[in-house]
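Reader: I'm new to this one. Can you walk me through it?
Author: Sure, let's take a look.

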Amino acid sequence: MALPKVHRLRHRQDFSAVYKAGLRRSTQNLTLRALQRSQPAEFNLSAVGTDLSTDLKVEPPVEKVVPTRIGISISQKVSKRAVVRNRIKRQLKAILQQFLPYIAPGWQLVIVVKPTATECGYEQFLQELKQLLISAEVINGH
RNA sequence: GAGGAGGCGCAGGCGGUUGCAGAUUGGUCAGUUCGCUGGCUAAGUCUGAGGAAAGUCCGGGCUCCCAAAAGAUCGAACUUGCUAGGUAACGCCUAGUGCGGGCGACCGUGAGGAGAGUGCCACAGAAACAUACCGCCGAUGGUGUUUGGGUCUGAGCCGCAAAUACACAGGUAAGGGUGCAAGGGUGCGGUAAGAGCGCACCAGCAAUGUCGUGAGGCAUUGGCUCGGUAAACCCCGGUUGGGAGCAAGGUUGUAGGAGUCAUGGUUGAUCUUUUUCCGGCUCCGGGCAGGGUGUGGGCAACCCAUUCUGCGAAAUCCGCUAGAGGUGUCUGGUGACAGGCAUCCCAGAUAGAUAACUGCCCUUCUGGUGAUCGUCUAAAUGGCAGCAUCAGAAGAACAGAACCCGGCUUAUGUCCGCCUCUUCCCUU
RNA sequence: GCGAGCGUAGCCAAGUGGUUAAGGCAGUGGAUUGUGGUUCCGCCAUUCGUGGGUUCGAGUCCCAUCGUUCGCC
């Protein structure tokens, strides 16, 4: 289970924009940074995804659904072994795949993994992510 | 049966469902110079990590810059260093030589020069590179005593002889002691005492012969003998053009020049030679650098193309996966490897895809059941081993491509599998 | 991708190849004091990250390896 390309944050500016303007929530092993991107002005400000914004500009009355985009940040400080880092990323992606339908459109999320997370399992990540998304009010009222 | 040595292989197999990435074929949207390009999408098809992908310790390919290439001398760097071969190359590999270790199979080896020079060798010791502390000797020389001889009446004297004392000059490197190390070792002769001073054997060195492509091996002869350290500086030999690295570089964008009046321009330095290099001069032919705007025509001016320099953007495209490629087979070679033929196409992500669950088979282990032969035993309804079948468990660990290859090193095993050899014990 | 440094007691650390590795803080034993502090005297490294090698001798020199820190693009 992994996220399709549409729902991923892919460029450096995306991440730095979220870090600059987004809100911040954190639990023991994870940190969530989130940024709502519903205003069209913000599209122009952020130099990201020009092809996407042009698509929207062509037909402004039809509210095309802006896809939720998620990035996962995990540094070498968490673990020096690539296998460990990749496993954590895959687990987080699988969880987010389940939550994706409940997330309000237009959010840009970055999940930062803290160095303590090496010992955590799937269940731990599931709980913490749920907690984070609810506290940031990213998940709309079902 | 027990212990050991060396080498090779494998990284379970075939499917299913869901999901991700790429390719292809469609569909659709946008742009278009009508060639196509890009985005989205999936009814389908195909493909999707490793033996180390790792560490980045070496060697290359590839790309750009210093015009390029070849040679000579000097310099610099490498830190390469027994020999022969293999390789695109290597500090890698193969086969050998010497030395060291092991009963052996086998293993290790940073293995040029200390007889070119300099430095260092703490403490101890006399002395660490040329010296003598204790000791031994004191033949010879010196001094003294005694005896004899010579001379002489005698005292005495002596280039006299013998004996003896001293340990003064001196000799010695056997022995003691110190040390990692004290100038070959052992034995016999020899000597005042000793000593390669002489001889025998051994070690080492040199020469000659012989075998080997060679490192070296073997034999003979010779003069007798030289401290260690070069992973201290260094000397010698060898190798190398330097720098940067796929974030190279191309493409694209943008800014500023040049658009030719130079007599020549280079790789660490100097010199020489060559050129399908760049540029210049002379002569001949062509042109007065090209295209456009402008103008009657030209000049000027401006724009484009060309060329140079600087800057920047984006993870859009190319580079970007057909290669010193894999597999099979034959030939040559002791071998590393080379050659021929056939056949195959096998990841290309870019905040970075390869995952989750599951079915059958296979392998191993544990337990049960069954039949039959083998073996142990005096004997078996008992034990051991194999076979068939059933049930359960395990199939892991180390670890994730990021331009690509060749090595090295490190990590790792389901009590993984296979082969060869060696030592000891028991039985025949 | 390219490059540079550091590992020495619980902590901070010095250390030309030559004793059983200098200090400071901390710890600990004793003395001083009626008690505590101060002060004074002691003790504390089974060996210099690990494994090989060179050397008579290695924390130091060489090689390999592990960990860690930092720089540039």
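**Around the RNA**

Author: This is a predicted model. In it, 18 residues surround RNA strand B, and the closest are Lys5, Arg8, Leu9, Arg10 and Arg81.

Reader: Which parts of RNA strand B are within 4 Å of the protein, bases or sugar and phosphate?
Author: Both occur. Of the strand B atoms within 4 Å of the protein, 74% belong to sugar or phosphate. The rest belong to bases.

Reader: How far is a phosphate oxygen from the side chain of Arg81?
Author: The distance is 2.5 Å, to an N or O atom in the Arg81 side chain. Lys93 also has a side-chain N or O atom by a phosphate oxygen of RNA strand B, at 3.3 Å. With Ala82 the partner is a polar backbone atom, and the distance is 3.4 Å.

Reader: Which elements give two or more residues to that surface?
Author: They are α1 (12–21) and α4 (82–99). α4 gives the most, with five residues.

Reader: And by class, what is the surface near strand B made of?
Author: Nine residues are nonpolar, six are charged and three are polar.

Reader: New topic. What does chain A look like overall?
Author: Chain A has five helices and four strands. From the N terminus on, their order is α-β-β-α-α-β-α-β-α.

Reader: How much of chain A is buried?
Author: Buried residues are 41% of the 142 in the chain. On contacts, take those with a separation of 6 or more: 79% of them join residues 24 or more positions apart.

Reader: Tell me about α5. How many residues does it have?
Author: α5 covers residues 122–135, which is 14 residues. From first C-alpha to last it reaches 20 Å, close to the 20 Å expected at 1.5 Å a residue.

Reader: Which residues of α5 are buried?
Author: Phe125, Glu128, Leu129, Leu132 and Leu133 are. They sit on the same side of α5, because they cover an arc of only 130° around the axis.

Reader: Is there a general reason for that kind of spacing? What is it?
Author: An α-helix has 3.6 residues a turn, so residues three or four places apart point the same way.

Reader: Which residues are exposed on the other side of α5?
Author: Glu123, Gln127, Gln131 and Ile134.

Reader: What covers the buried residues of α5?
Author: The cover includes two strands, β1 (23–26) and β2 (30–36). It also includes α4 and β4 (107–113).

Reader: Back to Leu133. Why does it count as buried?
Author: Its relative accessibility is 1%, and buried means under 20%. Leu133 is 30 residues from Ile103 in sequence, and their C-alpha atoms are 8.6 Å apart.

Reader: What follows α5?
Author: Glu137 follows α5, and its phi is positive, near 55°.

Reader: One more residue. Where is Thr31?
Author: Thr31 is in strand β2. It counts as buried because its relative accessibility is 12%.

Reader: Which residues does Thr31 touch?
Author: Leaving out residues up to four places away in sequence, Thr31 touches Arg24, Arg25, Ser26, Val110, Ile111, Val112 and Lys114.

Reader: How far apart are Thr31 and Ile111?
Author: Along the chain, 80 residues. In space, their C-alpha atoms are separated by 5.7 Å.

Terms used. Residues are numbered from 1 along each chain as its sequence is written. Chains are lettered from A and ligands numbered from 1 in the order in which they are written. This is a predicted model: local features need pLDDT of at least 70, side-chain atom pairs count only at pLDDT 80 or more; totals for chains, interfaces and linings use all residues. Side-chain values use heavy atoms; hydrogens and water are left out. A residue is near a molecule or strand if one of its heavy atoms lies within 4 Å of it. A polar contact is a pair of N or O atoms within 3.5 Å; within protein, one must be able to donate a hydrogen and the other to accept it, and residues adjacent in sequence count only if both atoms are side-chain atoms. Ala, Val, Leu, Ile, Met, Phe, Trp, Tyr, Cys and Pro count as nonpolar, Asp, Glu, Lys and Arg as charged, and the others, Gly among them, as polar. The expected span of a helix is 1.5 Å times one less than its number of residues. Buried means under 20% relative accessible area, exposed over 50%, partly exposed in between (1.4 Å probe, protein chains only). The arc is that of the directions from the helix axis to the C-beta atoms. Contact means heavy atoms within 4.5 Å.
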